[in-house]
Amino acid sequence: MAYGLLKGKKGIISGALDEKSIAWKVALKAKEEGASIVLTNAPIAMRMGEIKKLAEACEAEIIPADATVVEEIENLYTKSMEVLGGKVDFVLHSIGMSPNIRKGKAYGDLNYDWYMKSVDVSALSFHKFLQVAEKMDAINEWGSVVALTYMAAQRTFPFYTDMAEAKAMLESIARSYGYRYGKLKKVRVNTVSQSPTKTTAGTGIGGFDKFYDFADKIAPLGNASADDCADYVITLFSDLTKMVTMQNLFHDGGFVNTGISEDVMGLLD
Ligand code: NAI
């Protein structure tokens with residue numbers, strides 16, 4: 001059911017790779033809620049062609065940008081403002097990638113060039129999205145910027161390796177830039193810490209199926225799906241949450257505050 005929460009708003013949504021992507025669901029719901037959007041992803045992701053289906057469904061333009069390259073982000077904002085007819089009201093950062101995870105490297109055997117790449121793609125890119133937006137004055141007052149994160153920033157998950165540090169940095173950028181952008185333009189910046197979700201990025205992590213099931217058994221509400229996540233992100237783009245900023249918001253069915261559950265205790269009998 002649509003509520004018109006984003007009626008008249010304009011936004012940029014990154015990271016929709018295929019229909020499992022969290023960003024894919026956010027894009028569909030943003031459209032449903034009345035927003036006009038632009039889609040973006042790394043040029044290499046375009047080759048897979050899936051995003052074109054989403055663009056059709058959302059009546060959205062696709063503007064390719066590698067999130068690590070400042071000039072490409074500048075082009076993204078310039079073209080977005082042209083296409084959408086003005087500054088944007090919301091931005092979704094839904095970008096993560098670790099070459100060390102892709103290659104199955106253990107935490108004690110990380111390749112440091114790849115480590116830098118993980119941090120650049122998954123965390124620094126968020127700062128770049130914000131800094132470029134500020135310099136170009138591309139986000140309207142009371143705008144909202146959201147990035148997706150995972151709880152490995154606070155607690156250790158052995159197979160998450162260098163992405164744990166990348167997410168910790170991402171969450172810190174939300175606080176630091178949230179302060180700055182709030183003072184400057186009343187723009188809010190938050191991270192949403194999502195349950196394990198069966199997407200390309202998610203299932204690439206070693207042992208994913210097991211920790212997906214474990215989280216599902218710990219959380220009293222079970223794991224939050226990508227669709228649920230999209231609903232939550234839409235509220236953060238809407239005016240109903242305009243005083244929420246600099247937060248890391250857990251969207252995980254209650255996992256983060258549960259020590260042990262009866263379901264998991266049952267497994268130990
Ligand atoms: P996904 O694989 O569908 O999305 C990741 C996206 O990052 C892809 O669209 C990919 O093309 C994009 N990307 C990678 N390098 C890029 C670059 N240089 N420039 C621009 N885009 C680039 O997977 P998912 O799960 O939807 O990931 C979205 C976000 O959600 C990520 O930040 C991820 O860490 C986060 N997240 C995912 C969870 C999960 O279990 N799937 C749990 C918590 C957070």
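The protein chain has 11 helices and 7 strands, where helices (H or I, at least four residues) and strands (E, at least two) are DSSP runs numbered from the N terminus. This is a predicted model, in which local features need pLDDT of at least 70 and side-chain atom pairs count only at pLDDT 80 or more, while totals for chains, interfaces and linings use all residues. Residues are numbered from 1 along each chain as its sequence is written, and side-chain values use heavy atoms, with hydrogens and water left out.

Along its principal axes, the C-alpha trace of the protein chain spans about 60 × 45 × 40 Å.

Turning to the ligand, 27 residues surround it, of which S21, N41, K167, T197 and T199 come nearest; a residue is near a molecule if one of its heavy atoms lies within 4 Å of it. By class, this shell has 13 nonpolar, 12 polar and 2 charged residues, with Ala, Val, Leu, Ile, Met, Phe, Trp, Tyr, Cys and Pro counted as nonpolar, Asp, Glu, Lys and Arg as charged, and the others, Gly among them, as polar. Both β5 (139-149) and α8 (200-203) supply at least two residues of the shell, and the largest share, 3 residues, comes from α8.

The protein backbone also approaches the ligand: a backbone N or O atom of T197 lies 2.7 Å from an oxygen atom of the ligand, a polar backbone atom of A201 is 3.0 Å from a ligand oxygen atom, and a polar backbone atom of A67 is 2.9 Å from a ligand nitrogen atom. A polar contact is a pair of N or O atoms within 3.5 Å; within protein, one must be able to donate a hydrogen and the other to accept it, and residues adjacent in sequence count only if both atoms are side-chain atoms.
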